[in-house]
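Please open the model in your viewer and keep the sequence panel at hand, since each stop below begins with a selection and then describes what is found there.

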Amino acid sequence: MIDRRKILKGAAGASALSACGALGVAAQAGSAAAQPAARSYLRIATEEACSFPEIVSEMGLVAARGGTNLDMELITAIYGPNAPEVGRRAVAPLLDVGAGRIAEMDRAGVDMHVLSLTSPGVQMFAPDRAVALAELANDKLAAAIRRYPTRFAGLAAVAPQNPQAAAREMERAINRLRLNGFIINSHTDNRYLDEEFFWPILEAAEALDRPIYIHPRNPSDGMAGPFRGVSLPGYAFGMETSVHALRLLFRGVFDRFPKLKIVLGHMGEGIHFWQARLDRRYLSSSYASGYVRLSLMPSEYLKRNFAITTSGAESHEALEYSIKTLGADHVMWAIDYPYEPTQSAVDFLESAPITPEQKAMIFEQNAERVFHIERPAPRRRR
Ligand code: MN
């Protein structure tokens, strides 16, 4: 059990709790400069979206082609020729990988964004175009990091449409561009990474010792129907993504690639909530019906091959459960900027009833370890 009294005794915990309690967000923003609290950790946000003009215009072409599935409806509302103002407004903050974003980070005391090309990445483009635009996006991402080496890290875009080219780009992204891992926005043309077709990508990630962040997108066409009218980002994105992760697990991918590391956002997309049930039914499943015999229990893969982030899932109860079931070393902080507000993400973890050591792990140390963030970061504390 987490001992709240012990936390309240700690100066950092006490100041964070009072700052984020009854006084509210506005009061904290106003008092932050006047009351610099000693902070012994960086705040590294690990699922922070960006884009580039070339990607935005290509998304516009995809949207102009039209289509009726859930992804087409979403991107048409953002990038389409007749996109409503509220949709188009989403683009500008994505394109800012400079002063405006840094200013927003500074306002809330965020030290670093681990940037990634916003969903669905290059995964709705024709294969050759996707390969070229992943390279372009990764070059631009690396350039932004070079301009702000203490404020940005980055995950490379990947074009799963061409797994061999993707694997080559992954090698370049780590060894030449010095990026920190990879992001794949769940399914690609309704196909999932457990298919042998995609194994060069999994092999490359394992060999390069960098994680793949499986980021949500809308449910694939085969599971889309029932999700119409249900909160898409609030639930359906997580179902799509956690089913993807479970496909990797139950199809034996982690026996084939035991060192492969997968990161899931939004409090692990809820996958670990099911771990006892997954273990029980795995033990009593018949292997005759398409099940693969695994060398570990499902819950053991969750601990060995996964890390999760808190993006947009600001529940202290869910955080406490995640720490208990997976361990504090498996949880990283994220905002999901610009889709989620920065200050409330900071307040959420600062006010969490966890130990100062756990807070430092979740804000900083786990991200540094999982994403191999080695560049010197500024020790600006407040
Ligand atoms: Mn996101």
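Begin by selecting V131, A134, E135, N138 and D139 in α9 together with A165, E169 and R172 in α10, because these residues meet one another across the two helices, contact here being heavy atoms within 4.5 Å. Colour this selection by residue class, and the contact of α9 with α10 divides into three nonpolar, one polar and four charged residues. Bear in mind throughout that this is a predicted model.

Now show the two helices as ribbons: the axes of α9 and α10 come within 10 Å and cross at roughly 10°. Angles under 35 degrees count as roughly parallel, and α9 and α10 are therefore roughly parallel to each other.

While α9 is still displayed, as residues 127-147, pick out R129, which lies in this helix. R129 is partly exposed, with a relative accessible area of 40%. Add E58 to the selection and draw a line between the two C-alpha atoms, which are separated by 9.3 Å although R129 and E58 are 71 residues apart along the chain.

Next, keep α10 (residues 163-175) and bring in α11 (residues 199-208), whose axis is 8 Å from that of α10, the two helices packing at an angle of about 20°. The pair α10 and α11 is therefore also described as roughly parallel, and their crossing is right-handed. To see the contact itself, select P163, Q164, A166, A167, M170, E171, I174 and N175 on α10, and P200, I201, A204, A205 and L208 on α11. By class, this contact of α10 with α11 has 10 nonpolar, two polar and one charged residues.

Then centre the view on the manganese ion and show the side chains of E47, H215 and D336, whose OE, NE2 and OD atoms respectively are its protein donors, at 2.0 to 2.2 Å from the ion. Along the chain these donors follow the spacing E-x167-H-x120-D. Trace the backbone from H215, in the loop between β6 (212-214) and α12 (221-224), to D336, in the loop between β9 (331-332) and α19 (342-350), and you will have linked distant parts of the chain, 121 residues apart. Are H215 and D336 buried or exposed? Both H215 and D336 are buried.

Finally, zoom out to the whole protein chain, which has 20 helices and nine strands. Of its 382 residues, 55% are buried. Among contacts between residues at least 6 apart in sequence, 78% join residues at least 24 apart.

Terms used: Residues are numbered from 1 along each chain as its sequence is written. This is a predicted model: local features need pLDDT of at least 70, side-chain atom pairs count only at pLDDT 80 or more; totals for chains, interfaces and linings use all residues. Side-chain values use heavy atoms; hydrogens and water are left out. Axes are lines fitted to C-alpha atoms, for helices over the stretch in contact, and angles run from 0 to 180 degrees between N-to-C directions. Helices (H or I, at least four residues) and strands (E, at least two) are DSSP runs, numbered from the N terminus. Angles under 35 degrees count as roughly parallel, over 145 as roughly antiparallel, 65 to 115 as roughly perpendicular and the rest as oblique. A crossing is left-handed if the near helix is turned anticlockwise from the far one by less than a right angle, and right-handed if clockwise. Ala, Val, Leu, Ile, Met, Phe, Trp, Tyr, Cys and Pro count as nonpolar, Asp, Glu, Lys and Arg as charged, and the others, Gly among them, as polar. Donors are N, O and S atoms within 2.8 Å of the metal (3.2 Å for Na, K and Ca); water is not among the atoms, so sites may look incomplete. Buried means under 20% relative accessible area, exposed over 50%, partly exposed in between (1.4 Å probe, protein chains only).
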